[in-house]
Amino acid sequence: MMQETATDFLARFESWLRQRGEVAWTHRFPARAPELVDLPADLDPALRTALEGRGITRLYTHQADSYQFARQGRDFVVVTPTASGKTLCYNLPVVQTLLENPVARALYLFPTKALSQDQQAELNEIALGGSLPVKIQTYDGDTPASLRTVAKSSARIVITNPDMLHSGILPNHAKWVTFFSNLRYVVVDEMHAYRGVFGSHVGNVLRRLQRIAAFYGARPTFIFCSATIANPRELAESLIERPVNLVDHNGASLGEKTMFFFNPAIIDPVQGMRRSSSLESEQIALHLLQEGVKTILFARSRLQVELIASYMNQSLENPYNENNRIRVSPYRSGLLPSERRAIEKGLREGSIQGVVSTNALELGIDIGGLDAAVISGYPGSSASFWQQAGRAGRRGASSIAVFVASSSPLDQYFASHPEYFLSQGAEAAHVDLDNPYIFIDHAKCAAFELPFAEDEGFGASSGEDTGEALALLESEGVLRHTGRRWYWSNEGYPSETISLRSATSDNVVIVDVTRGAYSVIGEMDRASAKELLFDNAIYIHLGRQFMVQKLDVEKRLCRVERSDAEYWTDSITKTDLHVLTEDESRDFGRGEVVAFRYSIGDVLVRTQAEKYKKLRFHTHENVGYGEISLPPEEMQTRALALVFPKETRAGTFLAAKDPAACAGILVGVGRLFKYLAPLFLLCDSSDLGISERARDPHFEAPALYFYDKYPGGTGLAEALSGKLEQLLAASLERIKACPCKGGCPSCIGVDFIGRVDFKTEIAEFLQDCMEPRGAGA
């Protein structure tokens with residue numbers, strides 16, 4: 001029998017898809033041959049042997065360029081697609097330098113613990129595989145005390161994350177004298193993760209790192225690696241405040257990739273409802289696995305991941321042939337480190353053929369070769385989508401990517417506009433290291449680590465600007481100024497009270513108490529636990545089903561027992577925003593009549609899970625409700641409120657509309673502001689929350705709130721108030737320049753597609769917010 005070709009398989013697979021629903025469009029990305037060069041002439045023979053033992057006899061051109069930059073001591077950022085061998089761009093020059101110089105050290109930074117562990121395994125293969133004398137040690141929250149001592153004293157490469165560098169290493173630099181004195185390289189992988197407020201914190205951590213390294217006489221070379229973003233060099237230069245070289249020509253081979261945009265069948269023509277994208281994704285991934293195609297399925301939540309993996313394994317159940325010799329595993333946050341490692345190893349070695357994952361596997365964890373990626377719904381950004389699609393075909397072979405659309409307006413817009421979807425560029429990433437809130441926090445940490453000289457700057461900030469910040473801290477009793485220096489004079493480590501991330505680091509430990517046992521099976525952040533681990537909730541862990549007996553939020557403990565319930569649970573959450581203070585209120589606009597008013601103050605954002613649904617497995621039929629009695633998750637933060645009372649120009653415009661139209665205009669304007677504001681605030685769109693109210697109970701008028709998603713605020717509300725004129729002008733320009741007829745993802749969103757009147761009304765409303773219509777003509 002003639003063996004089926006890839007072309008024949010693709011045709012057969014597309015025919016199968018069309019029988020299930022609508023294949024809105026397909027696109028083929030052609031294969032590309034690799035661009036190779038010889039291994040560097042100065043490579044240590046032992047390192048050359050170790051590489052050849054792994055089948056590496058030549059380098060891709062971007063790896064060779066990276067090697068030269070690193071060896072010359074020139075900072076650089078390498079930006080190439082998934083599976084292009086970026087890790088060798090830094091591992092090769094670092095290990096070579098450490099072999100030449102027996103005291104040299106390197107620091108590797110990864111955004112997550114999982115990536116740190118994966119990188120240690122990768123380095124061990126190079127170093128131990130060739131018996132190279134390079135000691136490698138991970139230093140994070142999971143590292144035992146005995147190994148922490150080894151890392152400080154004798155590790156040549158220390159692998160960690162920004163949080164541990166911030167709170168564990170830099171404040172204790174006196175215990176790392178040998179390491180910092182000989183620090184030659186700092187590797188910052190997954191640089192695209194360091195954006196917005198989190199990236200601004202990390203940039204200040206890197207300022208502190210460079211300051212301490214300089215104190216010990218070192219000036220390390222920085223190596224950045226990133227997924228595709230619009231401004232990689234700009235971001236890298238912002239993070240370390242010095243020029244950075246760019247390596248962005250990909251020399252790796254690319255296998256042919258065929259992308260299918262699949263729209264599930266319509267089940268309710270009146271409401272336009274389609275079959276569940278999650279269930280359709282499950283069936284597509286199952287079909288591919290049964291065809292012998294190793295597959296990864298990306299789902300949008302932890303709960304979806306567990307449900308889909310369970311359904312797939314149940315469909316494959318067969319005691320006579322070891323479940324069709326196909327094993328599918330879920331992968332998500334909350335699994336124990338040992339469980340994550342076992343899944344990653346199973347995927348690399350082939351004992352696990354399929355995996356269902358959240359975006360946890362979007363980052364560069366090595367999971368071996370996969371042939372297909374099924375993506376359930378748009379992940380929220382172009383960069384995330386192509387990262388996920390790039391997980392298939394990691395070894396240069398042909399691959400498949402299937403985008404399974406949900407019923408959301410955005411997904412349906414993409415179904416009808418493939419040219420828009422395929423032409424989307426990657427998003428830009430911004431940071432602001434001099435954000436006053438963040439700057440002050442890290443100035444405290446830096447002063448604790450080393451006293452500031454009187455005229456010393458912090459990073460690129462001048463000595464004068466830094467001195468003003470230090471004087472402010474002195475007035476608060478935090479620092480003491482004596483002998484032309486600023487000294488820390490408070491108690492404790494300042495870094496212990498400063499979080500780099502918005503989410504709380506408090507985790508709830510999940511304990512299985514079935515039949516008197518007491519076994520830790522997982523963990524979950526506190527906010528998510530309130531929505532997923534409430535009393536009587538069904539918790540699914542690696543396909544096993546548990547019922548929550550008691551969630552003790554104060555003790556950070558959740559007790560669960562094995563269960564065989566025929567349903568799963570889904571909480572119903574409600575988010576409220578309450579104004580606490582109005583610190584500043586002003587009129588805005590030109591002309592005789594005020595355009596609108598704005599107010600800056602404290603708000604309380606309260607999220608509470610109030611009830612839960614019981615949904616039958618497979619059919620997702622609602623079989624009951626239950627009450628949730630847990631305290632709300634509260635965050636006090638800062639907000640900017642744009643208020644449109646009737647007596648203002650913009651308020652008069654809204655008052656003439658019905659409530660639904662008023663709400664629609666505010667939604668469209670809010671979307672424009674949310675996605676344009678990062679250009680002016682140097683933050684990320686995810687750093688800003690938004691709340692549109694056609695009738696706000698506090699101001700008793702239509703209002704648009706923009707609130708800082710970090711507890712206490714980071715100055716975004718105040719900064720936004722000073723950029724309103726530029727933001728309004730940019731929003732109006734975006735609407736007028738957009739060629740769409742009635743809304744699209746590039747302007748007001750897709751909720752108003754075809755409604756030309758709405759697009760016109762939003763433009764008129766923005767004009768009224770700036771100046772009387774016709775005034776600028």
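Does S277 count as buried or exposed, and at what relative accessibility? Keep that residue in mind while you find your way around, and remember that what you are looking at is a predicted model. S277 lies in helix α11, which covers residues 277-290. Its relative accessibility is 12%, and because buried means under 20%, S277 counts as buried. Who are its neighbours? Leaving aside residues up to four places away in sequence, S277 touches P264, S376, V404, A405 and S406.

Two of those neighbours lead us straight to a sheet. P264 belongs to β11 (257-264), and V404 belongs to β18 (399-404). Both strands are part of an open sheet of 7 strands, and if you trace across it you meet them in the order β1-β11-β18-β17-β14-β16-β15. The pairing in this sheet is mixed. At the edges stand β1 (21-29) and β15 (328-331); each has a single partner strand, so one side of each is left without a neighbour in the sheet. Neighbouring strands here are turned by 15° against each other on average, if you ignore direction.

Let's go to the β15 edge. There, β15 pairs with β16 (residues 354-357) in the parallel sense, over 4 bridges. If you want one pair to look for, V328 has G354 in β16 as its bridge partner. Helix α13 (residues 337-349) packs on the sheet here, touching both β15 and β16, and its direction makes about 135° with that of β15. Now look for helix α15 (residues 409-416), which lies across β1, β11 and β18 and runs at about 125° to β11.

Next, a strand with company on both sides. Strand β7 (residues 157-160) pairs with β5 (residues 105-109), to which it runs parallel, with 4 bridges joining the two. It also pairs with β6 (residues 136-138), again in the parallel sense, over 3 bridges. I159 of β7 is a handy landmark: Y108 stands opposite it, and so does T138. What about the faces of the strand? In a regular strand the side chains alternate between the two faces of the sheet. In β7, I157 and I159 are on one side, V158 and T160 are on the other, and all of them are buried, which leaves both faces covered.

Helices can be tucked away too. Take α3 (residues 61-71): 8 of its 11 residues are buried, so this helix is largely enclosed by the rest of the structure. The buried ones are T61, H62, Q63, A64, S66, Y67, F69 and A70. Just after α3 comes G73, which takes a positive phi of about 75°.

Further along the chain there is a smaller set of strands to find. Here 3 strands form an open sheet in the order β19-β21-β20, with antiparallel pairing. The edge strands, β19 (452-453) and β20 (479-482), each pair on one side only. Between β19 and β21 (residues 485-488) there are 2 bridges, and A453 has R485 in β21 as its bridge partner.

Then comes a hairpin. Strands β22 (residues 507-512) and β23 (residues 519-525) pair in the antiparallel sense over 6 bridges, and V508 stands opposite M524 in β23. There are 6 residues between the two strands, and in this hairpin R515 takes a positive phi near 50°. β22 has another partner as well: it pairs with β26 (residues 557-562) in the parallel sense, over 4 bridges. In that pairing, D512 is matched with V560 of β26.

Finally, find helices α21 (residues 659-681) and α23 (residues 724-737). They pack at an angle of about 120°, with their axes 10 Å apart. That angle makes α21 oblique to α23, and the crossing is right-handed. From α21, the contact uses L672, F673, L676, A677 and F680, while α23 brings Q726, L727, L728, A730, S731, R734 and I735. Sorted by class, that gives 9 nonpolar, 2 polar and 1 charged residues.

After α23, look in the loop between α23 and α24 (756-770) for G742. Like S277, this glycine counts as buried, at 2% relative accessibility. G742 and W386 are 356 residues apart in sequence, and their C-alpha atoms are 27 Å apart in space.

Notes:
Residues numbered from 1 in each chain as written. Predicted model: local features only at pLDDT ≥ 70, side-chain atom pairs only at ≥ 80, totals over all residues. Heavy atoms only, no water. Pairing = 2+ DSSP bridges. Axes fitted to C-alpha atoms, helices over the stretch in contact; angles between N-to-C directions. Contact = heavy atoms within 4.5 Å. Parallel < 35°, antiparallel > 145°, perpendicular 65-115°, else oblique. Left-handed = near helix turned anticlockwise from the far one by under 90°. Nonpolar A, V, L, I, M, F, W, Y, C, P; charged D, E, K, R; others polar. Buried < 20%, exposed > 50% of the residue type's maximum accessible area, 1.4 Å probe, protein only.
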